[in-house]
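Notebook open, model loaded. I'll start with one helix residue and work outwards from there.

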Amino acid sequence: MRTIFDYQKSSGTGGILPKLDVPKCGTTDLLPRELIRRSEPRIPNLSEPEVVRHYTALSKLNYGVDDGFYPLGSCTMKYNPKVNEDVAGLPGFSSVHPATDPELAQGSLSVVYEMSRLLAGIAGMADVTLQPAAGAHGEVTGMFLIKRYFEARGETQRTRILLPDSAHGTNPASAATAGFSVTEIRSGADGLVDLNALSGELDDTVAGMMLTVPNTLGIFEENIVKITAMVHAAGGLCYFDGANLNAFLGHARPGDMGADVFHFNLHKTMSSPHGGGGPGSGPVAVSEVLVPFLPVPRVKLDGEHYVLDWEEPQSIGSMQSFYGNFGVFLKAYAYILTLGDEGLHEAGENAVLNANYLQERLKKTYKLPYDRLCKHEFVLTGKGVAEGISTLDIAKRLIDYGFHPPTIYFPLIVHEALMIEPTETESKETLDRFTEALEKIASEAREDPQLLHDAPHTAPTRRLDQTRAARYPIMTYPFGE
Ligand SMILES: Cc1ncc(COP(=O)(O)O)c(C=O)c1O
């Protein structure tokens, strides 16, 4: 595939500019001399059709959620209604500058305020900050809140965060970034936190426990109320990673289960595709004891006016410039209002129904190490399908059948993991086609393993040398200088 710079020799023109009606640059002293260009810019000189064709061809090489099924476990890509993009693009919202005087931005501030109230209601918690720009950023924010809470209480010996081995990969990194040390708690054979192992670690050096809810096996901690009570009794706080909220959206509230901090991944649950580098939004909900520590500025309602409050003496400070990724939570706001209580409840129900339907069908062909009712996702293993076949082979062959592969080799507690999350937006027909493709691949693995080793056969690029690509990436275009 050529880059746009490979077309440089064309002599076309991309547009017709109006006649110059200001002094020509370089003929006046308006610009400092060092800023004046001395040579032609090295950009391709292309006609409009050439540019359009180049980018159209590039877009066809891509695979997105608008092309087909994208069952990435943990990093969900679900279809999101386009109308919410229109809402986020309304000029009154998209052109307001974040530094606008609050008196002139009352509409936008009302969205910030109302959205945090809606999310607090969904989480069953006291208050919410919308500042974090992603899930992991929400985790770090939550960890800072917990840290500041214990500093305020003079309990600075609480330096440990407990984490199950089934936690999401970003959890330990977030705890460490906030200056905590991490103690791993093993899971039992049922994929749930081992309560004896937990009890053995609880003492006055524990600041809290971080639980991915449901965990990365797609299993809900059925002892969750017992776990939060144990951590609270030891003086610690409970962090729930709520990026998998689809699994219990509108059915249960983390606040009622004992969470002190809960982060949302709005870009997974509420109308914004996850992946591709964002932008995302990871609002953090907190229980009453953590409200004084929330980031500033806080958007508050003073009579009938929305105001910015910077005067929170115990706040951890700002986690983002301004208030967060406004466009992303605007889409989520439209999504919540469109669906209402009933629609959100149904979205959660369908996410779980779709995952269980796929799990039941696929476990006949692929091994399911933790065989129990799942929530929003489940984890198979590619091991044992056929001699010499790896999960990577299976994932790459799926591309030939027109599907984006699921997440592979995560979570680490399942060998050769294939982590599948269908989401609530897929039809039974799509799930059936996906199942049939995986069944066919399992037969191919036994009959013609080389077909899988060489896959993908139909993608624009074949299998890459991933180590080389990671170690020696080419990040700049060689201009031949
Ligand atoms: C359970 C869980 N926690 C945390 C994250 C991190 O979120 P982000 O990628 O937005 O930082 C993810 C990502 O999808 C996740 O699935």
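I started at Leu266, which sits in helix α10, residues 266-269. I'm working from a predicted model, so everything here is computed from its atoms.

Is Leu266 buried or exposed? I counted 32 other C-beta atoms within 10 Å, and 20 or more is enough to call a residue buried, so Leu266 is buried. Next I pulled up what Leu266 touches, leaving out residues up to four places away in sequence: Ser272, Ser281, Pro283, Val328, Phe329 and Ala332. I also checked Leu266 against Lys331, 65 residues apart along the chain, and found their C-alpha atoms separated by 9.1 Å.

Lys331 took me on to helix α11, residues 326-362, and how it packs with α2. The two axes are 8 Å apart, at an angle of about 130 degrees. That angle is neither over 145 nor in the 65 to 115 range, so I logged α2 as oblique to α11. The crossing of α2 past α11 is right-handed.

Which residues make that contact? From α2 I noted Asn84, Glu85, Val87 and Ala88; from α11, Gly327, Leu330, Lys331, Ala334 and Tyr335. Sorted by type, the contact residues of α2 with α11 come out as 5 nonpolar, 2 polar and 2 charged.

Then the backbone oddities. For reference, most residues other than glycine have a negative phi, and most peptide bonds are trans.

Ser74 has a positive phi, near 75 degrees, and isn't a glycine. I found Ser74 in the loop between α1 (48-61) and α2 (82-89). With 23 other C-beta atoms within 10 Å, Ser74 is buried.

Glu416 is another non-glycine with positive phi, this time near 55 degrees. Glu416 lies in the loop between β11 and β12. How many C-beta neighbours does Glu416 have inside 10 Å? I got 18, so Glu416 goes down as partly exposed.

The loop between β11 (407-408) and β12 (417-420) also holds Pro411. I checked the peptide bond from Phe410 to Pro411 and it is cis, omega near 5 degrees.

Last stop was Pro456, in the loop between α14 (449-453) and α15 (466-471). The peptide bond from Ala455 to Pro456 is cis too, with omega near 5 degrees.

Notes: Residues are numbered from 1 along each chain as its sequence is written. This is a predicted model: local features need pLDDT of at least 70, side-chain atom pairs count only at pLDDT 80 or more; totals for chains, interfaces and linings use all residues. Helices (H or I, at least four residues) and strands (E, at least two) are DSSP runs, numbered from the N terminus. A residue is buried if 20 or more other C-beta atoms lie within 10 Å of its own, exposed if 12 or fewer, and partly exposed in between; C-beta atoms are placed from the backbone. Two residues are in contact if their C-beta atoms, placed from the backbone, lie within 7 Å. Axes are lines fitted to C-alpha atoms, for helices over the stretch in contact, and angles run from 0 to 180 degrees between N-to-C directions. Angles under 35 degrees count as roughly parallel, over 145 as roughly antiparallel, 65 to 115 as roughly perpendicular and the rest as oblique. A crossing is left-handed if the near helix is turned anticlockwise from the far one by less than a right angle, and right-handed if clockwise. Ala, Val, Leu, Ile, Met, Phe, Trp, Tyr, Cys and Pro count as nonpolar, Asp, Glu, Lys and Arg as charged, and the others, Gly among them, as polar.
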